[in-house]
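Let us learn to read a structure step by step, with a learner asking and a teacher answering.

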Number of protein chains: 2
Amino acid sequence: MKDGPDIARIASLVGDPARANMLTALMTGAALTASELALEGGVTLPTASSHLAKLIEGGLLTVAAQGRHRYYGLAGPQVASMLEAIMGVAAGVGPKRARPGPREPAMREARVCYDHLAGEHAVKMMDTFLARDILVRDGQEIRLGPNSHSYFTAVGIDVEKLGPSRRPVCRDCLDWSVRRSHLAGQLGAAILDKILTEKWARREKDSRVITFSPKGRQAFERAFLEV
Amino acid sequence: MKDGPDIARIASLVGDPARANMLTALMTGAALTASELALEGGVTLPTASSHLAKLIEGGLLTVAAQGRHRYYGLAGPQVASMLEAIMGVAAGVGPKRARPGPREPAMREARVCYDHLAGEHAVKMMDTFLARDILVRDGQEIRLGPNSHSYFTAVGIDVEKLGPSRRPVCRDCLDWSVRRSHLAGQLGAAILDKILTEKWARREKDSRVITFSPKGRQAFERAFLEV
DNA sequence: TTCATGGTTCGATCTCCATCAAAGCATTGC
DNA sequence: GCAATGCTTTGATGGAGATCGAACCATGAA
């Protein structure tokens, strides 16, 4: 016994519900403040602070102080990969789908992932963007592609306006339900924003579920999937 | 909050030292009895029994009764992948290599990962396959590449024979020691099988370590690294 | 049948840690 | 300077669960 690395130490960090929820929230790649994470974890600020300290001590999180805010983010892609692997097992062999959750199918179709769209629609959209050179993969990163400017102005999103900010314009985010990448970052947020302001879809109360109206779905598909 | 799969449930199962040690022991791919696992976990039989019941309930383990023995094994390759991913994080950010462990260097070089080869050799092999278009990366997935058929028949592995099964032929698995991908899936298992049946290497008893003989190493390199 | 072995269940104990209220720092803005 | 905001620390409380001895059940052997 006691051979490889100390996996119990890491796993037990993820094994607390509050911490797990915080980590899940950070899977977007965006860094969040302690207050936001407290909300995600469903605990008070002091409790969240204690959890965050442990996660940093354990090497799962990094923190960047900025004025009186402190932004917490995943320590790296490896941590995200691990979380994705755990989600895979949890979703697959999990509690026998004891309660599939009333909103489970709707969640798989479309949901909010912090501030951008996730689920089947989001993954399809990402595929389209990559196929049309609107976005291009550059190693680990996603960048605006040659066709991005003309396309996004046509759709009515001003890409120039997004910066400047430390938050990347594009970023990919691993979708737990579809198990492939979807678009996060400022651009992902802008697209979700457009979907909501155009009233193509609305957010279900107290949930991450996004519900499209019939007309809204058509408009969405025309704008983002058929290009 | 409380959106995706219940990762806290799974992670907390792995998060107990006794259970973590048991799971690590099962990474050899062999099924073990409750008594053996109690020893691995460093706990008494009743305690181990309780842990094992939880791991089964959680879907991480399966059990096969055989006479008055009960053999416990990992529930599947997905569980093994998850454990490797956790090991990756633990090895990277871990507690400063408390005790590197006597077999640590050998483990890094070559070891069993459930049913396929892991460690430096395995990562190099994966690199070779990708460089030679024997395998190709397709987004998140790994597929057989244009040169796969001719190559594997030359080496003496019948790729056609692997299917049909729900288990993917190729799959990548994050190597905790090298921190890069190696090959899992049916093909990965077939390759390990060949290495062992050809007696290029043998498994150390009660360990994940794989030891190559001098001749075996040459044969392995000729077959899988030099192509 | 009777004994031995492998495993589980029960019950009691005890330690660890998640939790929150209140107080303490630190940074920004006025 | 002073107040307000964001976050951490302290301290006290409570509960979950890991642990083991002893009793119990099942299978196989004599």
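The dialogue below takes up confidence, contacts with DNA, a sheet and two loop residues in turn.

Q: Before we look at any detail, what kind of model is this, and what average pLDDT does chain A have?

A: This is a predicted model, and pLDDT is the predictor's confidence in each residue, from 0 to 100. Chain A averages a pLDDT of 79, and 77% of its residues score at least 70.

Q: Which elements of chain A have the lowest and the highest mean pLDDT?

A: Among the elements of chain A, the lowest mean pLDDT, 58, belongs to strand E8 (residues 171-174), while the highest, 96, belongs to helix H1 (residues 7-14). There is also a stretch to read with care, residues 94-102 of chain A, over which the pLDDT is below 50; apart from near neighbours in sequence, this stretch has five contacts in the model.

Q: Let us turn to the DNA. Which residues come nearest to DNA strand C?

A: A residue is taken as near the strand if one of its heavy atoms lies within 4 Å of it. There are 21 residues around DNA strand C, and those that come nearest are A:His51, A:Lys54, B:Ser35, B:Ser49 and B:Tyr72, so that both chains appear in the list.

Q: Which parts of DNA strand C lie within 4 Å of the protein?

A: Of the atoms of DNA strand C within 4 Å of the protein, 75% belong to sugar or phosphate, and the rest belong to bases.

Q: Which side chains have a polar atom beside a phosphate oxygen of DNA strand C, and at what distance?

A: In chain A, a polar side-chain atom of A:His51 lies 2.5 Å from a phosphate oxygen of this strand, and one of A:Lys54 lies 2.6 Å from a phosphate oxygen. For A:Thr44, an N or O atom of the side chain is 3.1 Å from a phosphate oxygen of DNA strand C. Looking at whole elements, two or more residues of the surface near DNA strand C come from each of helix H2 (17-26) and helix H4 (45-57) in chain A, and from each of helix H3 (34-41), helix H4 (45-57) and strand E3 (69-74) in chain B. The largest share, four residues, comes from H4(A).

Q: How many residues of each class make up the surface near DNA strand C?

A: Sorted by class, that surface has seven nonpolar, eight polar and six charged residues.

Q: Which residues come nearest to DNA strand D, and which elements supply the surface there?

A: Out of 21 residues around DNA strand D, A:Ser35, A:Ser49, A:Tyr72, B:His51 and B:Lys54 come nearest. Sugar and phosphate account for 78% of the atoms of DNA strand D that come within 4 Å of the protein. At least two residues of this surface are supplied by each of helix H3 (34-41), H4 and strand E3 (69-74) of chain A, and by each of helix H2 (17-26) and H4 of chain B, and the largest share, four residues, comes from H4(B).

Q: Which side chains have a polar atom beside a phosphate oxygen of DNA strand D?

A: A polar side-chain atom of A:Ser49 lies 2.6 Å from a phosphate oxygen of DNA strand D. From chain B, an N or O atom in the side chain of B:Lys54 is 2.9 Å from a phosphate oxygen of the strand, and for B:Thr44 the distance is 3.1 Å.

Q: How do I read a sheet, and what is the order of its strands in chain B?

A: One follows which strand pairs with which, and in what sense. In chain B, an open sheet of three strands has the order E1-E3-E2, with antiparallel pairing. E1 and E2 stand at the edges, each with a single partner strand, so one side of each is left without a neighbour in the sheet. Strand E1 (residues 32-33) pairs with E3(B) over two bridges; here B:Leu32 stands opposite B:Tyr72, and B:Thr33 has B:Tyr71 as its bridge partner. Strand E2 (residues 61-66) pairs with E3(B) over six bridges, and B:Ala65 stands opposite B:Arg70.

Q: Where does A:Lys199 lie, and is this residue buried or exposed?

A: Most residues other than glycine have a negative phi. Phi of A:Lys199, however, is near 60°, a positive value. A:Lys199 lies in the loop between helix H10 (185-197) and strand E10 (201-203) of chain A, and A:Lys199 is exposed, with a relative accessible area of 68%.

Q: What is phi of B:Lys199, and where does that residue lie?

A: Phi of B:Lys199 is near 60°, and the residue lies in the loop between helix H10 (185-197) and strand E10 (201-203) of chain B. B:Lys199 is exposed, with a relative accessible area of 67%.

Methods. Residues are numbered from 1 along each chain as its sequence is written. Chains are lettered from A and ligands numbered from 1 in the order in which they are written. This is a predicted model: local features need pLDDT of at least 70, side-chain atom pairs count only at pLDDT 80 or more; totals for chains, interfaces and linings use all residues. Side-chain values use heavy atoms; hydrogens and water are left out. A polar contact is a pair of N or O atoms within 3.5 Å; within protein, one must be able to donate a hydrogen and the other to accept it, and residues adjacent in sequence count only if both atoms are side-chain atoms. Ala, Val, Leu, Ile, Met, Phe, Trp, Tyr, Cys and Pro count as nonpolar, Asp, Glu, Lys and Arg as charged, and the others, Gly among them, as polar. Two strands pair if DSSP finds at least two bridges between them. Buried means under 20% relative accessible area, exposed over 50%, partly exposed in between (1.4 Å probe, protein chains only). Contact means heavy atoms within 4.5 Å.
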